[in-house]
Amino acid sequence: MSADFAITPEQVVDGVNERYGRHPGYRALHAKGRYYKATFTATPDARRLTRAAHMQGEPVPARVRLSNGSGEPDSKDYVPDVRGMAVSFELPDGSRTDVLGQTAPNFPINTPEGFVEVVQANVAGLARLWKFPVFLAKHPDAIPGLPGNLAALKPPRSYATRRYYPIHAFRWVNAEGGEQNVRYTWVPEAGEQTISQGEAKKAGPDYLQEEMLERLGRGPVRFTFQLQLAAAGDRTNDPRKKWPDDRETVAAGTLEITELDPSAETGGELIVFDPMRLTDGIEASDDPILNYRPRAYSESAKRRS
């Protein structure tokens, strides 16, 4: 399903650039990040729910990018920020499918216009004292999700110790044609751990990247790909609307990050992670924001190249 919005993808990226500045060669958001090599292995429960090729139980290669949410390439790791984990699965036929997650569990808006407004309201310093209340007055539906999103801004001990939420609903279709609406969460094997602002600042401006290298030197970093299964009546068209906590959850697989991938985006390669890069057995929901995102990503990629 597509939706018509008054704002163009060019205006969305312009609005983000207005907040963070223009940085040629970098993403409009999540500008600071590194790539890692990984392997994903699905569970039998995943195969029961979808016929997607990477969910049949055989290990598949994956590429992971761990990042800060800011649009500033030199953002400091100790600054309160949303963190991101983008995963691209390599399918047996050579194609790819992507999952994009963030540490903020609640999406505050349901329009591209609103997204630009929240980015521009979330500024540092005294200006935030009036800009963010103005945003909330215009978007009161964002208020219930504030506690969870504010908690997500605490400095993590590691990129490996936070949950990542891909936010949107998707429709999984199995081999018999049965359908199930799902939402995703990446759950860290190491558990959820944060540190104080003082401890993070003492660790340094790149402590998250440095910590990941040290951690991977001791062994793989693992996340469980957890599904929340929708019940009848659960909305799939609004990323602000969470499903009840009592909905069934299923472990669909394990992502094992093994090493840094310094070869990514070298030699002219431009990597774009896209939540709408889907494959047979996984379909988009009727969420208009989900369906709009590729247009903004395409514009951001065009400016990077």
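Welcome to this structure, a predicted model. A good place to start is a pair of helices: α1 (residues 9–20) and α3 (residues 112–121) pack at an angle of about 5 degrees, and their axes lie 9 Å apart. Angles under 35 degrees count as roughly parallel, and α1 and α3 are therefore roughly parallel to each other. From there, the tour moves on to an open sheet of nine strands and to helix α7 (residues 207–218).

**Where α1 meets α3**

- On the α1 side, the contact is made by V12, G15, V16, E18, R19 and Y20.
- Their counterparts in α3 are P112, F115, V116, V119 and Q120.
- Sorted by class, this contact has seven nonpolar residues, two polar ones and two charged ones.

**The sheet as a whole**

- Reading across the open sheet, the nine strands come in the order β4-β3-β2-β1-β8-β7-β6-β5-β9, with antiparallel pairing.
- The edge strands are β4 (96–102) and β9 (282–284), each of which pairs on one side only.
- From one strand to the next, the twist averages 35 degrees.
- As a bit of background, strands of a sheet pair through backbone hydrogen bonds, either parallel or antiparallel.

**A closer look at some strand pairs**

- Strand β1 pairs with β2 in the antiparallel sense, over eight bridges.
- In that pairing, A38 stands opposite A62 of β2.
- β1 is also joined to β8 by seven bridges, and these two strands run antiparallel.
- Here the bridge partner of Y36 is L260 in β8.
- β8 (residues 249–260) pairs with β7 (residues 221–229) as well, again in the antiparallel sense and over eight bridges.
- Within this pair, Q226 has A251 in β8 as its bridge partner.

**Helix α7 and its surroundings**

- How far apart are the end C-alpha atoms of α7? They are 17 Å apart, which agrees with the 16 Å that its twelve residues should span at 1.5 Å a residue.
- Which residues of α7 are buried? They are Y207, L208, Q209, E211, M212, R215 and L216.
- When reading that list, it helps to know that an α-helix has 3.6 residues a turn, so residues three or four places apart point the same way.
- The cover over these buried residues includes strands of the sheet, among them β1 (33–42), β2 (60–68) and β3 (83–90).
- Also part of this cover are β7, β8 and the helix α6 (197–203).
- Right after α7 comes G219, which has a positive phi, near 150 degrees.

Terms used. Residues are numbered from 1 along each chain as its sequence is written. This is a predicted model: local features need pLDDT of at least 70, side-chain atom pairs count only at pLDDT 80 or more; totals for chains, interfaces and linings use all residues. Side-chain values use heavy atoms; hydrogens and water are left out. Two strands pair if DSSP finds at least two bridges between them. Helices (H or I, at least four residues) and strands (E, at least two) are DSSP runs, numbered from the N terminus. Axes are lines fitted to C-alpha atoms, for helices over the stretch in contact, and angles run from 0 to 180 degrees between N-to-C directions. The expected span of a helix is 1.5 Å times one less than its number of residues. Buried means under 20% relative accessible area, exposed over 50%, partly exposed in between (1.4 Å probe, protein chains only). Contact means heavy atoms within 4.5 Å. Angles under 35 degrees count as roughly parallel, over 145 as roughly antiparallel, 65 to 115 as roughly perpendicular and the rest as oblique. Ala, Val, Leu, Ile, Met, Phe, Trp, Tyr, Cys and Pro count as nonpolar, Asp, Glu, Lys and Arg as charged, and the others, Gly among them, as polar.
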